[in-house]
Every structure is written in structure tokens, then in C-alpha cells.
Amino acid sequence: MARPVKKTPGEWRDEIMRAAQTLFLSNGYEETSVTDIMKAAGGAKGMFYRFFDSKGELLQAICDRMFLENNPFEAVRKRTDLNALQKIRELLALNQSDTARGNLSMQAIPILKDPRILAAAIAENRRVLTPLWRDLLEDGARDGSIQTAYARELAELLPLLDFWLLPSVFPATAEEISHKLHFAADMLAAMGLPVIDAERIAQTEQLFRAFPSEG
């Protein structure tokens with residue numbers, strides 16, 4: 001009888017993340033337990049806590065990995081037919097069209113009430129996104145499509161805007177979030193980055209209408 005193949009820690013972590021991603025997308029985050037995840041992954045419940053402190057931490061890790069696997073910055077970087085400003089508009093459209101990651105990101109909104117998970121998410125966004133934004137903004141200064149004296153500041157600010165809009169971080173009604181979106185659009189345009197248009201605002205408003213008015 002053949003012995004079962006042992007999995008490395010990295011393989012176990014990947015298996016848990018794959019199983020959880022499938023269950024979160026099919027059943028929902030709240031309806032999926034750690035027991036469900038480990039049953040699908042084929043391991044004991046204790047194995048889960050070797051890699052993740054909580055189900056919320058796992059969900060955030062899945063969202064981060066899905067972004068890196070389908071990175072819109074990488075997709076637009078290859079586009080020689082677009083200037084930098086057009087690339088930014090295109091990457092925002094690509095980001096919003098990633099429905100699977102968008103689904104999980106919306107499920108992750110409530111868990112960001114946890115200060116530890118929120119701090120980790122902010123740190124990861126800053127580590128990954130700030131350099132990518134700065135590269136694009138500097139490309140825009142070179143090709144003339146972006147006129148701003150605040151490339152560095154914008155590169156640091158843009159990864160934080162998502163958190164500012166989240167009702168679990170800054171409680172807000174759908175109407176208040178809409179007002180914040182218009183503010184962000186006007187502010188970025190004044191800084192030389194007119195990338196949030198009426199269509200983008202309408203799409204984002206539609207996403208947040210799924211949440212209760214008390215946020």
C-alpha cells in the first residue's frame with residue numbers, strides 16, 4: 001500500500017487558501033467555518049492555526065494573493081498604446097471588473113473592524129501599491145499626461161483611499177460614501193489626476209448599496 005504523500009508547510013498553506021477561496025465564493029464568508037475549510041483541504045483543524053490566527057486573516061491573505069495573481073498594474077504596464085493617465089484609468093476599470101476578488105473584498109469589509117487585521121492590510125497595501133503608483137505617476141510626468149507636483153504624496157495617499165471609503169473603518173451611510181467619492185474625485189483632479197469619473201462613481205456606489213444604511 002502506497003504511503004500518503006506528505007505536504008510541505010507551503011503546500012498546506014496553499015491548500016487551505018484554495019479550499020477557503022472556493023467555499024467563501026460559493027457559500028459566503030460568514031457561512032463558512034474553519035471546520036468546513038479544513039474538511040475541504042483534507043487536514044485537521046489544528047493545521048489551520050499553524051498558518052492563520054483567524055478566518056479573517058485568511059480572507060485578507062486570499063484577497064492579497066488574488067490581486068497579485070491578476071495584477072492590473074502589470075496588465076497596463078505592457079500597453080504601449082496608452083499614456084500613463086490612460087493606463088491609470090484602465091487599471092481602475094480592470095480592478096473593478098475582477099468580480100471574484102471584488103466579491104471577496106466586499107465580504108472582507110466587516111473583518112477590517114479588527115484593528116490588527118486593518119493594520120496588516122494597510123501595511124500590505126503600502127508595501128505593494130505605493131511603489132506601483134509612484135512608477136505610473138512618474139511615467140505620467142515624463143510623457144506629459146499627468147501634471148502634478150505631488151507624485152510621491154499621491155503614491156502614498158492612493159492606497160489609503162480604499163480604507164477611508166470603507167464603512168467598517170469610517171462608518172458612513174450610502175449617501176455619505178457617495179459624497180466622499182465626489183470629494184475624492186475633485187481632490188485628485190485638483191492634484192492633476194482626473195481618474196475618477198461619473199461612471200466609476202456610479203459603479204462604486206452600486207457596490208456599497210448592498211450594505212445596511214448604518215454601515
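Colleague: How should the accessibility of Asp14 be read, and is this residue buried, exposed or partly exposed?

Modeller: The structure is a predicted model. The class follows from relative accessible area, where buried means under 20% and exposed over 50%, with partly exposed in between. Asp14 has a relative accessible area of 32%, so Asp14 is partly exposed.

Colleague: With which residue does Asp14 form a salt bridge?

Modeller: A salt bridge is read from the distance between a side-chain nitrogen of Lys or Arg and a carboxyl oxygen of Asp or Glu, which must be within 4 Å. The partner of Asp14 is Arg65, and their closest N and O atoms are 3.5 Å apart. This pair links distant parts of the chain: Asp14 belongs to helix H1 and Arg65 to helix H4 (residues 55-69), with their positions 51 residues apart. Asp14 and Arg65 are also joined with Glu69 in a network of salt bridges.

Colleague: How many salt bridges does the count come to?

Modeller: The count comes to 13 salt bridges. One of them joins Asp81 and Arg79, whose closest N and O atoms are 2.8 Å apart. Asp81 is exposed, at 52% relative accessible area, whereas Arg79 is partly exposed, at 30%.

Colleague: Where do Asp139 and Arg142 lie, and how many residues apart are they?

Modeller: Both are in helix H8, 3 residues apart, which is about one turn of the helix. That helix covers residues 115-143. Their side chains meet in a salt bridge with an N to O distance of 2.3 Å. Asp139 is partly exposed at 29% relative accessibility, while Arg142 is exposed at 62%. Arg142 may also be set against a residue elsewhere in the chain: its C-alpha atom is 9.9 Å from that of Asn83, 59 residues away along the chain.

Colleague: Let us turn to the interior. Which residues of the largest nonpolar core touch the most other members?

Modeller: In soluble globular proteins, nonpolar side chains tend to be buried together. Here the largest nonpolar core has 40 residues, and Ile16, Phe24, Ile37 and Leu58 touch the most other members. Helix H1 (residues 9-27) supplies the largest share of this core, 7 residues. A separate core of 22 residues lies apart from it and includes Phe73, Ala84, Ile88 and Leu161.

Colleague: Which residues does Leu58 touch, not counting residues up to four places away in sequence?

Modeller: With those excluded, Leu58 touches Ile16, Met17, Ala20, Phe24, Ile37, Phe48 and Phe52.

Notes: Residues numbered from 1 in each chain as written. Predicted model: local features only at pLDDT ≥ 70, side-chain atom pairs only at ≥ 80, totals over all residues. Heavy atoms only, no water. Helix = DSSP H or I, 4+ residues; strand = E, 2+ residues; numbered from the N terminus. Core = buried A, V, L, I, M, F, W, Y, C linked by side-chain atoms within 4.5 Å. Buried < 20%, exposed > 50% of the residue type's maximum accessible area, 1.4 Å probe, protein only. Contact = heavy atoms within 4.5 Å.
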